[in-house]
Amino acid sequence: MQQDQFGVVGRSAPRVDGYDKVTGRALYTDDLNAYGQLYAGCVHSRKPHATVEVDTAAALAVPGVVKVLVEGDFPKPQSRYDWFYCTSHPRYCGDVLAVVVAETPAALADGIAAVRVRYSELPAVFTVADALAPDAPQVREEGVALGEDGVPDPTRPGNVFLASHKPLRKGDLAAGFAQADRIIERTYTTPYVEHAYLEPESVLVIPEPPDVVLVRASSQQGHGPQEFVADALQIPMSRVRAVSTTVGGSFGSKFELVGLMCGRAAVAMQATGRPIKMTYTREDSILESTKRHPFTTTIRVGATADGTLTAYESAQVENAGAYNNQAPWMNIRARVHSAGPYDIPNIRTDTFAVYTNNTVPGAFRGYSSPQVIFANEMAIDDLADELGISVVDLKRKNLLRRGSITATGQQLVHETLLVQMMEDIIRDTDYERKCRDWAGETGTWRHGAGLVTAYRGAALGGEGVDASGAMMIGMQDGSFVLRPTLMEFGQGLNTVYAQIAAEASGVALADIRVEPVDTTIMADSGLTVASRGTAQGGHAVRKAGEAIRAMIVESARMMLGARDDERIEVRDSVAWVAGQPERSVRVSDIWTMRRYTGQQLSTYQWYAARPLVNDNDTGQGEAFQTYAYGCCVAEVSVNTTTGEVVVDKVSAYHDVGHALNPGLVRGQIYGGVLMGMGFGLYEEYRLEKGVSPDTNLDIYPIATSEDAPLISIKLYESADPEGTYGAKSIAENASEMIGAACALAVKHAIRRPVSKVPVTPEYVLELLSQGEEDAR
Amino acid sequence: MKAADYLRAESLDQAVAAAEQGGLVLAGGTDVMVKGRGRGVYAQRALVDVSRVPELREVRDRGDAIEIGAACTLSELCDDALLAEKLPLLADAMAHVGGVQTRNRATIGGNVVNACPASDAIPALMVLGARVRTTRRELPLADLFRDCPACLRHEGMLVRTCFYPDAAAKKTVLEQGELVRSIIVPVPAAGSRWLFHKLTRTQGIGLARISIALLGTFRDKGTGALSEKTINHVDVCMGGLFSKPWVLSAASAEEAVAVLTAKLEAESTALADYDYKHRVAPALLADAIAAWRRGETLERKRRS
Amino acid sequence: MMVRFSVNGVARELDVEPGERLIDVLRERLGLTGTKEGCGIGVCGACTVLVDGRAQNACLVPAASLEGCAVTTIEGLSQGGLDPLQQAFIDHQAIQCGFCTPGLVLSAKALLDENPAPTEDEIRAAIKGNLCRCTGYEQVIAAIASVAGTGYRALDDEVEAPVQSPELRAGAGWPAEPPTATPVLDETKGTVPSVSSGGGEGR
């Protein structure tokens, strides 16, 4: 099916929520109120590891304070997602020690301030290195030791999170290194990063007589709040109804914490019999929300003199914090991407997380890929330097092409544009000439360019089962309600879903209204993650639309008296006999007829992606249904006096398969570029012995309108049959390459090896104090 | 934000009376409303809103100086034609404060009285030789400030985490009930040239890590060629480095850098990011003086 | 204490606490929840409102200071239909999660009221006090520039079609149904993979 055969997808349809959002009518969770509601908030641990005694007397004496809940008031203090609703044994700064409930926000603030906590501090560890030391205190009982071969040893206690270990074994590593003329070994590190969505977390839990709990929450997951509330109260999930609200950004984080808040609010609701609203301040949000996992990655890579990669070995070690719900799944992706978008015959990588008494990391746009790409691309660039060849030539020789076998043993069978895209971007940006011209610069401002190539497993793939449902309900006036089950939280999913439903059904886009996720209507379709919403989740919506189209066609055929060999067309809510537009009937008339003749008016469809099989001990098998390809060039200026790095231009080229809404795709890329730039250059959630000074947006910097570089985007469409109408993914792809490209550009500008992000002014000056890199 | 009372002062007398009784003076509130959030530090104090006091709202051309009412907002001053013409250094410095929303409320008097080492306006006012007219006296701006070594340890010098709820009482010589009426800013001599530069973590809305205000003149050798001009005299005030605003006067770049370095090493080792600032500030000053001599700025736009 | 000011043209007389923030008055007393709180310290701009036409952060404005002022919130901007800026935000995909959108629209409104034809740099300066984590600002600037009638590069990007791959140019398309089993590269057909496809019924 070619582009011109589509009527609705492939166009920049305006957002279905645009009107509500520009007028302020869109209701986010904190904009909702329930009659008789109380306000709840949390007392967080200020010590990284301790046992505590909580004295609630002074808080209870504050006028307006209704209840103070401590661990003993929770039916089940530890959540099913590992960390705690409430605990008397905090394992990081941010664990919740008490929940205060009050009549007003002001009384709540006073109540929280009046809770007295006595800490008995316990030994704590903070860095991966400290946690792996032989005599390190054990953070979690389930932790295991690291064996001498760099592989977790389940027989001995330690701090390695065993379930997170994802080994990759391909070919014969020793033989591969034996073939190499050059081998380099490098270690790279990345920081904790704060998501910094603009809307702080908020939940509202309402008792609905006789025994149902209604939850509205700023959750990335439609069904997540239901699960947490049932877990916290220990009641059947059927007694919990979650209805999604407008969500002000998430980027991976509004899952576990929002779920915990729902659980806490539910317990407070049960204790008071009244609705509970819990809205976090920005400080609460930054303290307790998850962060990007910090990686320490050691890479050994070898190549022959002509630049052919022969062997690749790495250890990707993450700081797991005190609790962790994500590393076992995230590391499936981190394993698949570990050796980069290169055709390498011999690979051994190990990826695992290590418990510490640091803040809890979680999912964050990319789900390991910005960290993995940074280390991998720096190593490839360093190797090219070592070989004395251009990194472009090295990439030309080794990049994945159609027919290549990936690190996890999957042959790329669909159209693979990566090499073409790289040739385009280096030509369009004049990359090679700029690198040459800038190599000899002196003076205060130096310039550099960084080139990154990437491949990314599209959608959930082998991380889990990619299945979801969608419902379409038609009214007798021809208007339709679409109920998808994956969540809109800013990315534009509901708009794309409406387009897909309109395309598939023939119902006019304007006649389709997208409703929130409601757990009493739609079955749990898993998490809205992995950039799966359009590519895979869209299939369920497409199937719902196709089912509606079949009903329209069936009824139209009957109403128009069309013969079996006459084709029925449907578009813009009108059905007609092909070639005879005068023989037409409106969908509204069809649905009126169906309504009064007792025919089905709705459809519920389910889609499960084809199963993928791979071996957990080696990672070999089929990891994702397909891959999306990207490349980017960042151009920077570096001030050698101050260490400032200014990003002048970012070119971002993406193979998106099929851009179902190009305007929304571009929006993902523009935003992703700025987020990636922060990762590369200035965003770091700092922790010193478990405590962070980065507590609000005045000290944690996110890009403003004046920090944005010139951004040049090129979208590619390719013949890939896996995603909905050919769509791949973009949300995470948009951000994952940029930090590495900025870091590489700085490396080239100052001709010093860069081994960590963010490349702060301090780090630039530190590098400048070292001698120039010999290889340049 | 909790406070004991709120008075919208209609006149200077009314404001002074309320301040004498212990009221906390508030103009735009961009500092007070941040510090008062959560910590309850003003729960027992009355807020005295001076933002509409007519005597504090005027800008007067006094010929050799401009007298600026303390409650004029930074936006009003940035848009003021007289300032743009006579005091472009000050206008430029104030344009560097925060975003539009902040400048629309923040006042020049508030900026001075908060006495933050990372203030954008103070370095400019200092090199311009500003004087402060209070309700009781007139004094050089430099004499308004008390030494505040604790500020050096304050990472980022953020308003939110400022150690002093009542900065005027702790960090200035203002007495209880004494209000700043106006700032009197001399118009620089003809032939003088200025430069302002603010170094931030990102280009956006952050506070200065280091700021530089430069004002000075050249000795005219009559050649007309800019590169051959020699510095006659330059005054420098740098933000983010010292426990009290301080003007460095020098006759050459080398001298300025040497004096700055010596002062940093003597007085500023307690700075939260001393290593960075000790390395960067002198070099940045040298770059600034070089740019200033060429009639350029250190600003570099993000986009090519 | 009593304070009288107008909100979106409606006169209000309210008894407020000393120090009570405008944002709380708007959200909690008047039900105008389009004004958002993102940081509480005047950094993010999500609570931007217009006070006498000027953009201010409602989290830092004591309500008691507003005697005689005219406050405009996002709800007041569309009283006679959408403001052209609001329509432009929709048209140029300048919205994602939307939490910063009311503030951005109002900052843009204040800018254009004062300077109807701003340059790109002036637009960037006018909205730098409005943090947005989603959009990267490009389409926001395009929207503002479109209302101002000044050109902007992201406006040009909107008409640029994606690059079609060689196979698409050769006539390949996207089947409605994805492969139901692992596709294999069919060597006999060169580069065309053989896939077991559902066939795209009804299309």
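**Exercise 1. Into which domains is chain C of this predicted model divided, and how many residues of each domain are in contact with the other?**

Solution. Chain C is divided into domain 1, which covers residues 1–79, and domain 2, which covers residues 82–161. Taken over C-alpha atoms, the centres of domain 1 of chain C and domain 2 of chain C are separated by 23 Å. Counting two residues as in contact when their C-beta atoms lie within 7 Å, one finds 17 residues of domain 1 of chain C in contact with 16 residues of domain 2 of chain C.

**Exercise 2. Which elements give two or more residues to the side of domain 1 of chain C that touches domain 2 of chain C?**

Solution. On that side of domain 1 of chain C, the elements giving two or more residues are β3 (48–51), β4 and α2 (74–77) of chain C. The largest share, 3 residues, comes from β3(C). Sorted by class, this side of domain 1 of chain C has 8 nonpolar, 7 polar and 2 charged residues.

**Exercise 3. How many residues does the contact take from chain C and from chain B?**

Solution. The contact takes 24 residues from chain C, while chain B gives 27 residues. On the side of chain C that touches chain B, strand β4 (residues 54–57) of chain C gives the largest share, which is 4 residues. By class, the residues on this side of chain C divide into 10 nonpolar, 10 polar and 4 charged.

**Exercise 4. Where do the domains of chain A lie along its sequence, and how many residues of domain 1 and domain 2 are in contact?**

Solution. Chain A is divided into domain 1 (3–25 + 467–608), domain 2 (32–122 + 196–288) and domain 3 (291–461 + 616–769). The C-alpha centres of domain 1 of chain A and domain 2 of chain A lie 38 Å apart. In the contact, 13 residues of domain 1 of chain A meet 15 residues of domain 2 of chain A, and the side belonging to domain 1 of chain A has 6 nonpolar, 5 polar and 2 charged residues.

**Exercise 5. Why is chain A as compact as a globular protein of its length?**

Solution. Begin with the elements of chain A, which has 20 helices and 29 strands. The radius of gyration of chain A is 27 Å, and because this is close to the 28 Å that the globule rule gives for 776 residues, chain A is as compact as a globular protein of that length. Along the principal axes, the C-alpha atoms of chain A fill a box of roughly 80 × 75 × 50 Å. Buried residues make up 65% of the 776 residues in chain A. Finally, of the contacts in chain A with a separation of 6 or more, 78% are between residues 24 or more positions apart.

Definitions and conventions: Residues are numbered from 1 along each chain as its sequence is written. Chains are lettered from A and ligands numbered from 1 in the order in which they are written. This is a predicted model: local features need pLDDT of at least 70, side-chain atom pairs count only at pLDDT 80 or more; totals for chains, interfaces and linings use all residues. Domain bounds come from an automatic or database domain assignment. Ala, Val, Leu, Ile, Met, Phe, Trp, Tyr, Cys and Pro count as nonpolar, Asp, Glu, Lys and Arg as charged, and the others, Gly among them, as polar. The radius of gyration is taken over C-alpha atoms; the globule rule is 2.2 Å times the number of residues to the power 0.38. A residue is buried if 20 or more other C-beta atoms lie within 10 Å of its own, exposed if 12 or fewer, and partly exposed in between; C-beta atoms are placed from the backbone.
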